[in-house]
Amino acid sequence: MDQLLFNSGFPILSVLIFLPLAGAVALLFLNSEQACRIFTLVVSGAVALLSLFVLADFDTATARFQLVEHHRWIEAFNINYTIGVDGISILLLLLTTLIMPFCVLASWTYITSRVKIFMICLLVMETAMIGVFVALDFVLFYILWEAMLIPMYLLIAIWGGPRKIYASVKFFLYTLAGSILLLVAIIWLYATNNYSFFIPEMMWQDYPFSAQVLVFLAFFLAFAIKVPMFPFHTWLPAAHVEAPTAGSVILASILLKMGTYGFLRFALPITPEATIVLAPYVLWLSIAGIIYGGFTALAQQDMKKLIAYSSVGHMGFVTLGIFVLNVRGVEGAILQMVNHGITTGALFLCVGMIYERTHSRELLSATGVGKYMPVFITFLAFFSLSSFGFPGTNSFVGEFMIIAGAFQFDTALQRFPTLALASIPGAVLAAAYMLRMLQKIIWGGTNNPDQSWINDLNLREIVVLTPFLFFVLWIGLGPQPFIDLMHCSVDHLLQQFEAHQNHAIAAAGALIR
Amino acid sequence: MDAPANDYRLLFALLIPLIGTLGVMLKGDRENVREAISSISSILLLLVVVSMVAEVRQGKRLIFHMFSLLPGVSVTLRADAMSMIFALVASSLWTIAVFYSMGYMRGLKEHAQTRFNACFALAIFGAIGVAFSDNLFTMYLFYELVSICTYPLVAHHQDDEGYHGARKYLVYLTATAKAFLLPAMILIYVLTGTLDFAATITGGIFPKDANSTLVIMLYIFCLFGFAKNGVMPFHHWLPGAMVAPTPVSALLHAVAVVKVGVFCTTRVMLYVFGTETMGALNLGIPTAYFVGFTVVAASIIALSKDNLKSRLAYSTVSQLSYIILGVALLTEPAIQGGLIHIVNHAFSKITLFFCAGAIYVATHKKYISEMEGLGRTMPFTFGAFAIASLSMIGAPPVAGFITKWNLLVGSVEAHQFGILLLLIASTMLNAAYFAPITYKAFFGKRPATEPYTGIKEAPLAMLVPILIACLISVIIGIFPQFMMHFVKVVTG
C-alpha cells in the first residue's frame with residue numbers, strides 16, 4: 001500500500017461523490033420547476049467550490065494516489081470502497097465538477113418539460129462521473145461506469161430530438177457491448193491477484209504476455225468505443241445530434257474522456273508489454289480517426305454533427321498522444337482531454353444557443369447571424385479558433401505537445417517522421433471545417449435568410465460562456481500550472497514503462513517465432 | 001545568459017493598435033471620433049517605434065517577455081535591427097494609409113466602415129507582432145492572426161466575387177501554415193528544445209549533429225509555409241485578394257501582409273537556420289533559382305494583365321521574391337539588398353496602389369486600356385505613379401535602384417551569373433509592364449467617345465498621402481544611409 005497517501009482529514013472526495021446524489025434525492029421533495037433549477041444549480045455550484053479544496057490539498061511532488069479513503073464494503077468478495085486521486089485524474093475530476101453548474105445554467109430555458117427528472121438525471125450523472133475518476137477499486141469503478149449509462153440514456157431518450165429512441169438505444173448498446181469484455185478482464189485480474197479488486201495492486205505485475213494481450217484487447221474494446229476511436233464511433237454523432245445541450249456537453253466534455261482515461265489508468269499500467277507491442281496499431285487507428293473525422297466534419301450541414309465528427313478527430317489526437325508513450329505525448333494527451341472538454345463543451349453550448357433561437361441545427365438556417373449577434377460570434381470565434389488549435393488558445397498547446405511527442409516517437413526509432421507528419425492533414429482539415437462553419441455563421445453568402453429578428457445573448461448566456469473563454473486563454477498562454485499537476489504521475493508511469501520495454505520486445509519476439 | 005530587463009515600449013507598440021481596434025469598435029457610430037482614434041493610434045505607434053531607433057541602431061536588442069508556455073516556447077517580443085526595418089515601414093505607412101483610406105472610403109461611401117477600420121488596425125497589430133517577435137511561436141501566433149483578421153477586409157464588398165476571393169485567400173494562407181509551418185515548428189522544437197531565434201544571422205539554432213535530411217525538409221517547409229511571401233506555386237491568393245477595397249490592397253497586400261510573409265521567411269532563414277547551416281547544406285543557391293522563377297514568371301503574367309490592380313498584384317509577387325532571392329545568395333551585399341527591398345518596395349508599391357485607388361475614385365476606371373490620356377487630367381496622380389514605377393524598375397534615383405545595385409553586386413560576389421542574367425531580364429520585364437502605363441496616360445490619345453469631362457484630380461485626402469509616399473521613395477533612394485544602417489547591423 002506504499003502507493004497510497006491516506007486522507008486523515010475531511011473526506012473531501014466522498015463528499016464530492018455523494019453530495020450530488022443527496023441533492024438528487026432532495027429534489028424529489030421539491031415541487032416548483034424554478035426551485036428545482038435553483039436547487040440543482042446550488043448543489044452543483046457547491047460541488048464545484050468544494051472540488052477546489054482537492055486542488056488545494058493536492059501535492060504535485062508525488063506520483064502516489066492522494067486523499068485516499070478506504071472502507072470495507074463487501075467482505076465476501078474482498079470488494080472495498082477505495083477512492084483517491086493522482087495527477088492523471090485530478091484535472092478530469094476538476095473538469096467534471098466545474099462544468100456541471102454551466103450545464104444546469106444552459107438548460108435553464110432549454111428544458112421545459114419534466115424539469116425535476118432532468119435535474120435528477122444531471123446530479124446522478126455527476127455522482128457517477130466523479131466516482132469513475134476517483135475509484136481505486138475495480139468493482140466500484142465498474143458499477144459507476146455502468147451506472148452512467150442510465151441517466152445518460154434518459155437524457156437523450158426523454159429530452160432528445162426526433163430520432164431520440166434510435167440514438168439512445170444505439171448509445172446504450174454500443175457502450176454496454178464494450179463493457180462486457182471489460183468485466184471478463186476484471187474478473188480474470190481478480191482471480192490472478194489473490195482475489196483482490198484493488199487497482200494499484202494490479203499494476204506493473206508480470207502477467208504472461210499472451211494473457212496481457214487478451215486483457216489489453218478487452219480494455220481496448222471498452223475504451224475505444226467510449227473515446228470513440230474510429231471505427232467504433234458511429235454511436236457518437238447520433239447521440240450528439242439528438243441529445244439536449246446539457247447532454248451533448250456532458251457527453252463531449254466528460255464521457256468521452258473516460259475512454260482515454262481508461263487507457264491511461266488501466267491499459268498502460270496493467271498490460272504494459274501488450275501496450276508496447278500493440279501501440280503502433282493503435283497509433284495508426286488514431287491517425288485514421290483524425291483524418292476520417294476531419295473529412296466527415298467538413299461535409300456536415302448539421303452543426304451538432306459537425307462538432308461531433310470533429311470530436312472523433314480531436315480524440316484521435318488524444319489517443320495518438322497516449323500511445324506514443326513519451327512524456328510530451330502523454331502530458332499533451334491529458335491536457336488535450338481537458339482542452340477538448342472546454343472547447344467542445346463551449347461549442348455545443350453555442351450551438352444550443354442558436355438552436356433555442358432558430359429551432360434548427362442546420363448550418364444554412366444560421367447563416368449570417370453575425371451581423372445581429374456580435375457578442376455571440378465573438379465567443380463562437382474564440383471557441384472555433386481554439387478548436388482547430390489556433391496559437392495562443394488551449395488546444396494549440398495540447399496539439400503541439402502531442403505532435404512533438406509523435407516526432408519524438410519517430411526520431412527515437414531513427415526513422416523519417418512518418419507518424420507525426422501523417423497527423424498533420426488532420427490539423428489542416430480542422431482549420432478547414434471550423435473556419436467553414438464560422439464563415440457561414442458570421443457572414444454566410446449573398447442570399448442569407450433574414451436574421452434581423454434574432455436577439456443577441458442574454459446575461460445568463462454570457463455568464464455561461466465567459467468561464468470557458470477564460471480557460472481557453474489561460475491554458476493557451478500559461479499551461480504550466482496545469483502540466484505541473486500531472487507531471488509527476490506521468491513521469492512515474494513512463495519510467496515504469498521503460499523497465500518493461502525490454503521484456504516486451506523479448507515477448508513479442510518469442511510470439512513471432 | 002542573464003535575461004535583459006523588460007522594455008515596456010515594445011508592449012506599448014503592440015498594444016496601441018489593439019487598443020485602437022477596440023476604440024474603433026466602441027465608437028463605430030461616430031465617424032469622426034472613430035477616425036480620430038485610428039489616426040491617433042497610428043501616430044502614437046509611429047512615435048513609439050521611432051523612440052526605439054537610437055538604441056537599436058547601436059546594435060542593442062530590446063526584449064519584452066509576455067508569457068511562458070513550455071520550456072523554450074514563449075510569447076516574447078524583441079526589437080533588433082531586423083525587426084526595426086519592418087516595424088518602421090509598417091508603422092509609418094499605417095499613418096499615411098489611415099488618411100488615405102478616410103478619403104477613399106468616404107469618397108466611395110463604402111459600407112461597414114467601422115468593421116473595415118477595426119480589422120485594419122487589427123492587421124497592423126498582427127504585423128507589429130510579427131516584426132517584434134523573438135521566437136518562432138510568437139511569430140506564428142501573429143502570422144495566423146493576420147490571416148484571420150484580414151478575411152473581413154478581403155470579403156468587404158460581400159458579393160460573390162468578394163467571398164470567392166476571400167475564401168481562396170484564407171484557404172491558401174491557413175492551409176499552408178497548418179500543413180507546413182506547424183510541423184516545421186514542432187520538429188524544430190523537438191530537435192533543438194527551443195523556438196527562440198538566434199542572436200546573429202550566422203549560427204542558427206540547430207545543433208551541429210542535426211540530421212541534415214530533416215533540416216533540409218524543415219527549410220523547405222518554412223519556405224512554403226509562409227505563403228504570404230507569394231512564392232510560386234502558393235501565390236494565387238494575392239491576385240485573388242485584389243477584390244478588396246484599394247487601401248487594403250495598398251497597405252496590406254503591398255506592405256503589411258505580404259511583408260509579414262517575406263519578413264518571416266527571411267527571419268527564419270537567417271535566425272533559425274543561419275547562413276552557416278544554409279551554406280553547409282547548400283540551400284542558398286537552389287532557393288535563389290527557385291524564387292528566381294517566381295520573379296520572372298510573375299513579371300510575364302503581369303504583362304498580360306489589363307486590370308491595373310492585377311498588374312500591380314503580379315508585380316508584387318515578383319518583387320517579393322527579390323527579397324528572398326537576395327537573402328538566399330548569402331553574400332553580404334545580396335542580403336543587404338534583399339532586406340532593404342522590404343523598405344523600398346513598400347514605399348514605392350504603396351504609392352502605385354494609392355494611385356490606382358485615386359484613379360478609381362476619380363473615374364471609376366480599373367483597366368489600363370481605359371486610361372489613355374488620363375495623365376493630362378490627373379497629373380499629380382500619374383506623376384507619382386511614374387516615379388514609383390521607376391523605383392520598381394530599379395532606375396536611379398528612386399529607392400528601387402539601391403536594391404538592384406546591391407543584388408547585382410551580391411550575385412557577382414556569389415559568382416552566380418545565372419542570377420545576374422535573371423535580374424537583368426526581370427528589370428527589362430518590369431520596364432515592359434510599367435512604362436506603357438505612364439506613356440499611355442500622358443501621351444496616349446483620349447478616346448473620342450469619352451472626353452473625360454467632369455473628371456478632376458483625386459480628393460486631397462488621397463493626393464497628399466500619395467505625394468508623401470512618393471516623396472519618401474525618392475528620399476530613401478537618394479539618402480539610403482538611414483535604412484541601410486539597420487541592414488548593416490543585421491549583417492554584422
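**Figure 1. A look at N78(A), a partly exposed residue with 17 C-beta neighbours inside 10 Å.** That count falls short of the 20 needed for a buried residue and is above the limit of 12 for an exposed one, so N78(A) is classed in between. This is a predicted model, so please read each view here as a prediction. N78(A) sits in the loop that links β2 and β3 of chain A. Its phi is near 60°, a positive value in a residue that is not glycine.

**Figure 2. The open sheet of chain A, with three strands in the order β1-β2-β3.** Pairing within this sheet is mixed. Its edges are formed by β1 (4-6) and β3 (79-85) of chain A, each of which pairs on one side only. From one strand to the next, the twist averages 45°. Zooming in on one pair, β1(A) runs parallel to β2(A), residues 65-74, and two bridges connect them. If you would like a residue pair to start from, find F6(A), which stands opposite V68(A) of β2(A). As a friendly reminder, strands in a sheet pair through backbone hydrogen bonds, in either a parallel or an antiparallel sense.

**Figure 3. Helices α4 and α5 of chain A, packed at an angle of about 145°.** The view takes in α4(A), residues 115-134, and α5(A), residues 138-147, whose axes are 8 Å apart. Their crossing is left-handed. On the α4(A) side, the contact is made by A128(A), G131(A) and V132(A). The α5(A) side brings F141(A), L144(A), W145(A) and A147(A). Sorted by character, the residues of this contact comprise six nonpolar and one polar, with no charged residue.

**Figure 4. The hairpin of β1 and β2 in chain B, with two residues between the strands.** Here β1(B), residues 62-70, pairs with β2(B) in the antiparallel sense, over seven bridges. A handy landmark is H65(B), which stands opposite T76(B) in β2(B). G72(B) in this hairpin takes a positive phi near 85°. Strand β2(B), residues 73-79, is mostly covered, with six of its seven residues buried.

**Figure 5. Q158(B), found in the loop between α6 and α7 (160-192) of chain B.** Like the residue that opens this set, Q158(B) is not a glycine and has a positive phi, in this case near 55°. Q158(B) counts as partly exposed because it has 18 C-beta neighbours inside 10 Å.

**Figure 6. Two cis peptide bonds of chain B, one from M232(B) to P233(B) and the other joining P396(B) and P397(B).** For the bond from M232(B) to P233(B), omega is near 10°. P233(B) is placed in the loop between α8 (212-225) and α9 of chain B. For the bond between P396(B) and P397(B), omega is about 5°. P397(B) belongs to the loop between α14 (379-393) and α15 (400-413) of chain B.

**Figure 7. Confidence in chain B, where the average pLDDT is 87.** In this chain, 98% of the residues score at least 70. Among the elements of chain B, helix α6, residues 136-154, has the highest mean pLDDT, at 91. Helix α9, residues 237-240, has the lowest of these means, at 84. For the model as a whole, ipTM is 0.90 and pTM is 0.92. A general word of care: where pLDDT is low, predicted coordinates should not be read in detail.

Key. Residues numbered from 1 in each chain as written. Chains lettered and ligands numbered in written order. Predicted model: local features only at pLDDT ≥ 70, side-chain atom pairs only at ≥ 80, totals over all residues. Helix = DSSP H or I, 4+ residues; strand = E, 2+ residues; numbered from the N terminus. Pairing = 2+ DSSP bridges. Axes fitted to C-alpha atoms, helices over the stretch in contact; angles between N-to-C directions. pLDDT = per-residue confidence, 0-100. Left-handed = near helix turned anticlockwise from the far one by under 90°. Contact = placed C-beta atoms within 7 Å. Nonpolar A, V, L, I, M, F, W, Y, C, P; charged D, E, K, R; others polar.
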